[in-house]
Every structure is written in C-alpha cells, then in structure tokens.
Amino acid sequence: MAENTQEAGEKPARRVALVTGGSRGIGRACAERLARDGFDVGIVYAGNEEAAKSCVKALEVLGARAVAYRCDVADPDAVKATVAQATKDLGPVWALVNSAGITRDGLLARMRDEDFDRVLDVNLKGTFNMARALVRNFVRQRGGRIVNVSSVVGLHGNAGQVNYAASKAGVVGLTKSVAQELAGRGVTVNAVAPGFIETDMTEKLPQEARDAYAARIPLGRLGSADEVAGVVAFLVSDAASYVTGEVIRIDGGLCM
Ligand code: NAP
C-alpha cells in the first residue's frame with residue numbers, strides 16, 4: 001500500500017473514484033481524467049510499485065487527493081480490506097471503475113488450466129469482488145456509478161483468447177445483472193468494450209499483427225487509453241444519469 005496524502009478525519013470536498021488497474025494503461029488514463037474532472041482517486045494495482053507511485057504523483061499534480069493500494073483483485077479478502085481502507089482514507093466511493101485485467105493467450109487445445117483460471121479470476125471474479133465489496137456503500141448513498149472494462153473480444157470472440165473472451169463476456173453479463181439490481185437505488189452500471197488500444201498489454205504484439213489490426217479498423221488506427229477514458233468519464237458523469245446496463249464499444253468502428 002502506498003502513500004496517503006489525506007489528513008485523518010478530513011471531510012471529502014470532492015467525489016471519490018476507485019479505479020482498479022489504475023497504475024497503467026486504460027486505468028491510469030481513467031484515473032487522470034477523473035482527477036481532472038474533480039474526483040479524488042484511489043487506484044488499485046497488482047505489484048508495479050513504480051507505476052503506482054508515478055500515477056499518484058500525476059494525480060496530485062492535477063489537484064486530486066490520491067492513494068494507491070496494492071491488492072490482487074482476484075482475492076476477495078484483500079479486496080474487502082482495500083475497499084475499507086480506501087473509504088477510510090478518501091471517503092465513500094462514488095464511482096468504481098474496474099479496469100484491472102490480464103491476458104494469458106493460447107489456442108484451446110494447448111491452454112493450461114492455470115491460464116484459464118487466472119484470467120477468469122482477475123478479469124471476471126475481480127470485477128465481481130470489487131462490486132460486491134462496494135454494494136452496501138452504493139445502496140446506502142442511493143447513487144453512484146460502476147463502469148466495467150470489458151472488450152470487443154467479449155462480444156465477438158477471438159481465436160487464441162478463449163479464456164480472455166469468456167472473462168470479458170462474463171463482465172457484460174455481470175454488468176447487466178448488477179445494473180438491474182442497483183437501478184432502484186439510483187446507481188448506474190455500464191461497461192465499455194475497447195477494441196485495440198495502445199497500452200503495455202498490446203505493446204508485446206509484433207508490428208505485423210498491429211498493422212493487420214489497423215488495416216481492419218474503419219478509423220484506420222489503433223485507439224489511445226485517453227479515448228477510452230473519455231467515454232468512461234462520460235459514464236461516470238451526471239450527464240449519463242439515464243444510461244445503465246449499456247455496453248459502449250470504443251473500437252474505431254471495428255465491430256460495427
Ligand atoms: P495494462 O496496461 O497491462 O495494465 C493493467 C493494469 O491492471 C495495471 O495497472 C496492473 O497493475 C493491473 N492489474 C493486473 N492484474 C491485477 C490484479 N490481479 N489485481 C489488481 N490489479 C491488477 O492493461 P490495459 O491495456 O490498460 O487494460 C486495462 C483493461 O482494459 C483490462 O481489463 C483489459 O482487458 C481491457 N482492455 C484492453 C484493451 C487494449 O487493447 N489494451 C482492449 C480491450 C480491453 P500493475 O501495474 O501493478 O501490474
């Protein structure tokens with residue numbers, strides 16, 4: 001767990017967002033965008049201390065109170081403890097953005113059990129763990145936002161990613177179910193489904209594969225993490241108060 005910049009007992013003057021996977025990539029872009037939009041931000045990360053510290057600094061420069069929490073979202077007890085600590089540090093959470101995610105690709109015939117299970121545990125069970133740990137908070141405050149990061153792969157499948165596709169399709173089902181459960185409390189729950197976004201996750205792909213993807217994308221290029229963050233910020237904002245149970249593709253038109 002990293003630095004807490006808040007005075008003990010201070011009343012939060014700004015809304016609080018908790019962003020999993022907030023130390024890098026799409027999560028970091030969301031954390032920075034929400035800080036710009038006036039949120040204090042807790043970020044949850046797996047183990048990259050340096051990235052988490054650098055993100056906290058950037059959020060503070062943007063005027064936000066910011067705290068980083070090292071926590072494996074796949075571990076329900078760790079998630080419970082992190083949510084309790086974040087609430088203590090920053091105040092009640094208004095917006096939860098679930099962006100923590102991993103890939104362990106491989107063709108079906110060769111996929112190992114541990115690679116299937118771990119991807120499901122982080123991407124799907126992690127999203128569930130976070131939402132469950134915060135549900136009482138949302139019900140109590142009769143308002144709030146959950147935005148889950150799915151993927152176009154969860155909507156359309158992808159050869160070599162049976163585990164990842166299953167986890168991201170699961171996130172869509174989870175999103176719509178939680179949206180129905182919490183609608184009566186004024187809480188909206190939505191998902192975004194990014195296409196090919198330039199982050200560490202996609203950096204490892206060979207240039208030919210990137211070029212081949214780009215050639216299939218109507219907008220003719222890969223997307224940026226900021227372009228995902230813009231849609232997440234909209235879903236979190238008051239402007240999206242009548243949007244729930246929705247899945248918004250951010251894929252340059254790839255899957256239209
Ligand atoms: P990334 O750059 O690899 O960043 C992953 C983030 O998740 C990091 O902050 C990492 O923490 C955190 N994380 C990983 N495992 C975790 C765990 N068990 N517990 C807590 N945090 C964990 O990935 P990205 O490209 O930004 O992807 C973010 C989300 O978007 C993922 O859910 C991904 O599936 C989804 N997505 C990405 C793309 C794309 O093209 N990039 C497309 C569609 C969907 P550390 O820094 O500590 O490792």
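In this predicted model, a total of 14 salt bridges is counted. One of these joins R14 to D40, with the closest N and O atoms 2.9 Å apart. The two partners come from distant parts of the chain, 26 residues apart: R14 belongs to the segment before β1 (16-20), and D40 to strand β2. The two ends of the pair also fall into separate accessibility classes. R14 is partly exposed because its relative accessibility is 27%, within the range between 20% and 50%. D40, in turn, has a relative accessible area of 2% and is therefore buried, the cut-off being under 20%.

A salt bridge is likewise formed between the side chains of E227 and R221, with an N to O distance of 2.7 Å. Both partners are partly exposed, E227 having a relative accessible area of 32% and R221 one of 42%. The side chains of R249 and D251 meet in a further salt bridge, at 2.8 Å from N to O. In this pair R249 is partly exposed, at 33% relative accessibility, whereas D251 is buried, at 8%. In addition, R104, R112, E114 and D115 are joined into one network by salt bridges that share partners. Side chains of opposite charge can pair when their charged atoms come close.

Pockets were examined next. The volume of the largest pocket is about 1300 Å³. Its lining comprises 48 residues, of which G101, I102, T103, Y164 and M201 are the closest to the centre of the pocket. At least two lining residues are supplied by each of the helices α1 (25-36), α4 (113-141), α5 (152-156), α6 (162-182), α7 (200-203) and α8 (207-216), and by strand β2 (40-45). By class, the lining of the largest pocket consists of 21 nonpolar, 18 polar and nine charged residues.

The second largest pocket has a volume of about 180 Å³. The residues lining this pocket are F128, A131, R132, V135, I146, L174, S177, V178, E181 and L182. Two or more of the lining residues come from each of α4 and α6, and α6 gives the largest share, with five residues. Seven residues of this lining are nonpolar, one is polar and two are charged. Helices α4 and α6 thus appear in the description of both pockets, as each gives at least two residues to the lining of the largest pocket and two or more to that of the second largest.

On the surface, L108, F116 and V162 make a nonpolar patch of about 270 Å². Of these residues, L108 is placed in the loop between β4 (95-98) and α4. L108 has a relative accessible area of 65% and is therefore exposed, the cut-off being over 50%.

The backbone at R142 was also considered. This residue has a positive phi of about 50° although it is not a glycine. Most residues other than glycine have a negative phi. R142 is situated in the loop between α4 and β5 (144-149), and it is exposed, with a relative accessible area of 52%.

Two separations between C-alpha atoms involve helix α3 or its surroundings in the chain. L90 lies in helix α3, which spans residues 76-90, and L90 is buried because its relative accessibility is 1%, under the 20% cut-off. The C-alpha atoms of L90 and K176 are separated by 28 Å, and the two residues are 86 residues apart along the chain. L222 is located in the loop between α8 and β8 (223-224). With a relative accessibility of 11%, L222 also counts as buried. Between the C-alpha atoms of L222 and D89 the separation is 37 Å, with their positions 133 residues apart along the chain.

Conventions:
Residues numbered from 1 in each chain as written. Predicted model: local features only at pLDDT ≥ 70, side-chain atom pairs only at ≥ 80, totals over all residues. Heavy atoms only, no water. 1 Å grid on protein atoms, 1.4 Å probe; cavity = no way out; pocket = protein on both sides within 12 Å on 5 of 7 lines; lining within 4 Å. Points joined across faces, edges and corners; volume = space filled by probe spheres on them. Helix = DSSP H or I, 4+ residues; strand = E, 2+ residues; numbered from the N terminus. Nonpolar A, V, L, I, M, F, W, Y, C, P; charged D, E, K, R; others polar. Patch = residues over 30% accessible without salt bridge, like charges linked within 9 Å, V, L, I, M, F, W, Y side chains within 5 Å. Areas by Shrake-Rupley, 256 points an atom, 1.4 Å probe, with all protein chains shown as cover. Salt bridge = Lys/Arg side-chain N within 4 Å of Asp/Glu carboxyl O. Buried < 20%, exposed > 50% of the residue type's maximum accessible area, 1.4 Å probe, protein only.
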